[in-house]
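Work through the exercises below with the model open. Try each task before reading its solution.

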Amino acid sequence: MEQKRETLLEIHGLSVSFRMYDHGLEQTDLQVISDLYLTVYPGEIVAVAGSSGSGKSLLASAVLGLLPDNATVCGHLYYRGQELTPGRQKQLRGTQIALVPQSVTYLDPLMKVGAQADGHRRPLPTARRKGFFKRLGLPDQTEQLYPFQLSGGMARRVLVSTALLTGAGLVIADEPTPGMSLEQALEALRMFREMADQKKAVILITHDIDLAFEFADRVAVFYAGTTVETAPAWDFKQGPDRLRHPYSQALWRALPQNGFEPVEGFQPYAGDLPEGCLFSPRCPCKTEQCIRAVPPVRQIRGGEVRCFYGA
Amino acid sequence: MALEARKLYFRYDPKQPWILEDCTLRVDRGECLSVFAPSGYGKTTLAMLLAGYLRPARGKILLNDRPLPSKGICPVQLVCQHPEKAVNPRWRLKRVLEESGMLQEDMLEAFGIQRAWLGRFPGELSGGELQRFCVARALMSGADYLICDEISTMLDVITQAQIWRVVLDEARKRHMGVIAVTHNRHLAGRIATRVVELSGQT
C-alpha cells in the first residue's frame, strides 16, 4: 500500500461567495467558487488552467487571505498539515507563501523596481536579485527604473523575481508569463522548476497551457468555479484522447496549434448556474442525466474528473 | 488605403536612448499584420504611436497619406495590453460601452458579455471579462484600423479563439486593417496574413 504522502497545501471543499447589492437595499450572495478540492505535494508544480473568470485568481486570494470584506469563505485550507486561519495567513504571507500577482499594477508606482524587489529584508538580497534579473534578461539599468517606465513583459519579470526572492515554500504564480517572449517565459518556468525541486511547490495559474504541459507535474482544469479535471501533465501532452473531461478536450482543441476551434457557448454566469453538470449546456455529449444531476468526483487513471462519462 | 509609419523615432526622455529608431511599417485595409519583437523593444510604444496616443519625435504616421485626424472618432483604434488600466475605474461597464455606441445586442452576444456585468465596476470583473469590453468598444463604427496589443494573453484558449473569430469576421465585413502584437507564433500563424519581425537592432 502507498503511504500517505505529506502535503504542502490542501484545499478541502472550498467555497467563496460575495455579498452584493441587488435591488435597492436587498443583498444577494453570489457564489463564485463552489466545493473545490486541490492538493499540492512538495516538489510539485501544479498548473491551474481553465476559463477566464472561473475563479482561478480568487483561489489565490483565498489561500493568501486577501479577499475583500464582502467575501465569505467556507471549507478548509491546510498548509503543511496545519489549518490556515486568518492569523496564520497573515503570518505566512510573503514569507512562506508568496504571490506573483496577475496585474502589473501591483508594483508600487513610487518606488524603483530594484529596491522594491529587495523589500525590507535584512541583509538586502541585492546580489541574488541581480542574479534573477540577469537570468530573466532584464538589462542592468532596470533596477533604477520606476514601474511606469517598464514594458508589460519587464514588469512581469520583476514580479516573478520578487516572489522567488522570498524563498517561500509555496509560490502562487497568477499568470506570470504574458508579455514575455517565449525564451523568457521558458526561463521563468525553469526557475519555478528549480524551486519546486527543492521540496517546495508552485501553483501556476496560466492560460499558456502549452507551456504548462511541459513544466507542470499535474494540471487542474477549472470551469465555473470548480475543478472539472485534475490529471498528470503527461496526459495533456498526449492529446484529447487521454483526457477525461469534455471541457479539457475542448481546451486542447482550441489551442492555435491544435485546430483553433472554439466550442460553442460561454461559461455560465455565477448567479445563474445550470442545475446539473456545469458544462452540460455546451457539452457535445450530454445526456438527460447530465442536465438533472451534478456528477460526483471520480478517480480514473491517476486523475480526478467530474463527469458521468469520463473514461 | 493604408496606415503607415514612416521612419519613426521616439523616446520618453531626451536623456535616454531612442526606443524606436527609424521604424517603418505599413498595413493595408483588409490585411492582418502580426508584429513580433523582443519584450521591451517598444511594441506597445509603437502601438500607441500608431493610434495617436503619442507623438513621434521624428517621422510621420500617415493614414491614406494624410496625418491622423485631430478631431472626432479616430479611425485607428487601440486595444491595450492591460484591460484593468484601460477602463475608467469609476464607470459602470454599461457606460464604457455606451460611450462608443457599442451597447448592441449582437455585440454582447458575440463577445459573451453577460447582462449582469453591465451594472458592475471594472474592479469586479476578471481580466478576461474586462478585455471583452475593451475589444467590443474598439470595434465602434468609424474604426477602420484596429491595433491589438496582446489582447488575448489574459484569456483562456477557448475564449481567445472565440474573440479572434469575432474580430476577424468583423474586420472582413468592414474591410478593416488589423495589427496584432503577440508573442505566440502559433496564434500569429492562425490569424495573420503577413508577419513582421522588428529586431532589436533597427
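**Exercise 1. Locate A:Pro123 in chain A, and describe the peptide bond that joins A:Arg122 to A:Pro123.**

Solution. Note that the model is predicted. Step one: find the segment. A:Pro123 sits in the loop between α3 (113-118) and α4 (126-135) of chain A. Step two: read omega. The value is about -5° for the bond joining A:Arg122 and A:Pro123. That peptide bond is cis.

**Exercise 2. Compare the expected span of helix α5 (residues 152-165) of chain A with the distance between its end C-alpha atoms. Then decide whether the helix is largely enclosed or open.**

Solution. Step one: count residues. α5(A) has 14. Step two: apply the rise of 1.5 Å a residue, with one less than the number of residues as the multiplier. The expected span of α5(A) is 20 Å. Step three: check the ends. The end C-alpha atoms of α5(A) are 20 Å apart, which agrees. Step four: assess burial. In α5(A), 13 of the 14 residues are buried, so the rest of the structure largely encloses this helix. Step five: look past the helix. A:Gly167 follows α5(A), and its phi is positive, near 65°.

**Exercise 3. Describe how α4(A) and α5(A) cross, and list the residues that make the contact.**

Solution. Step one: take the axes. Those of α4(A) and α5(A) come within 10 Å and cross at roughly 140°. Step two: classify the angle. Over 145 degrees would count as roughly antiparallel. The crossing angle makes α4(A) oblique to α5(A). Step three: assign the hand. The crossing of α4(A) and α5(A) is right-handed. Step four: list the residues. α4(A) contributes A:Arg128, A:Arg129, A:Phe132 and A:Phe133. α5(A) contributes A:Ser161, A:Leu164 and A:Leu165. Step five: sort them by class. The contact of α4(A) with α5(A) has 4 nonpolar, 1 polar and 2 charged residues.

**Exercise 4. Which residues of α9(A) are buried, and what covers them?**

Solution. Step one: count. Helix α9 (residues 246-254) of chain A has 7 of its 9 residues buried, and is mostly covered. Step two: name them. The buried residues are A:Pro246, A:Tyr247, A:Ser248, A:Ala250, A:Leu251, A:Trp252 and A:Ala254. Step three: find the cover. From chain A, the cover includes β3 (45-50), α7 (209-215), β9 (218-223), β10 (226-232) and α8 (233-238). From chain B, it includes α5 (157-174).

**Exercise 5. Characterise the crossing of α9(A) and α5(B).**

Solution. Step one: take the axes. Those of α9(A) and α5(B) come within 8 Å and cross at roughly 50°. Step two: classify. That angle makes α9(A) oblique to α5(B). Step three: assign the hand. The crossing of α9(A) and α5(B) is left-handed. Step four: list the contact. A:Ala250, A:Leu251 and A:Ala254 come from α9(A). B:Val157, B:Ile158 and B:Ala161 come from α5(B). Step five: sort by class. The contact of α9(A) with α5(B) has 6 nonpolar, no polar and no charged residues.

**Exercise 6. How many residues of each chain are in contact with the other, and which helix of chain B gives the most to its side?**

Solution. Step one: count both sides. Contact involves 32 residues of chain B and 35 residues of chain A. Step two: find the helices on the side of chain B. α4 (127-138), α5 and α6 (185-191) of chain B each supply at least two residues. Step three: rank. α5(B) gives the most, with 6 residues. Step four: sort by class. The side of chain B that touches chain A has 8 nonpolar, 17 polar and 7 charged residues.

**Exercise 7. Is B:Trp164 buried or exposed? Which residues does it touch?**

Solution. Step one: place the residue. B:Trp164 lies in helix α5 of chain B. Step two: apply the cut-off. Burial needs 20 or more other C-beta atoms within 10 Å. B:Trp164 has 24 C-beta neighbours inside 10 Å, so it counts as buried. Step three: find contacts. Leaving aside residues up to four places away in sequence, B:Trp164 touches B:Ser152 and B:Ile191.

**Exercise 8. Place B:Lys7 and B:His175, and state the exposure of each.**

Solution. Step one: B:Lys7. Its phi is positive, near 45°. B:Lys7 lies in strand β1 (residues 2-10) of chain B. With 13 other C-beta atoms within 10 Å, B:Lys7 is partly exposed. Step two: B:His175. Its phi is also positive, about 55°. B:His175 lies in the loop between α5 and β7 (177-181) of chain B. With 12 other C-beta atoms within 10 Å, B:His175 is exposed.

Technical notes: Residues are numbered from 1 along each chain as its sequence is written. Chains are lettered from A and ligands numbered from 1 in the order in which they are written. This is a predicted model: local features need pLDDT of at least 70, side-chain atom pairs count only at pLDDT 80 or more; totals for chains, interfaces and linings use all residues. Helices (H or I, at least four residues) and strands (E, at least two) are DSSP runs, numbered from the N terminus. Two residues are in contact if their C-beta atoms, placed from the backbone, lie within 7 Å. Axes are lines fitted to C-alpha atoms, for helices over the stretch in contact, and angles run from 0 to 180 degrees between N-to-C directions. Angles under 35 degrees count as roughly parallel, over 145 as roughly antiparallel, 65 to 115 as roughly perpendicular and the rest as oblique. A crossing is left-handed if the near helix is turned anticlockwise from the far one by less than a right angle, and right-handed if clockwise. Ala, Val, Leu, Ile, Met, Phe, Trp, Tyr, Cys and Pro count as nonpolar, Asp, Glu, Lys and Arg as charged, and the others, Gly among them, as polar.
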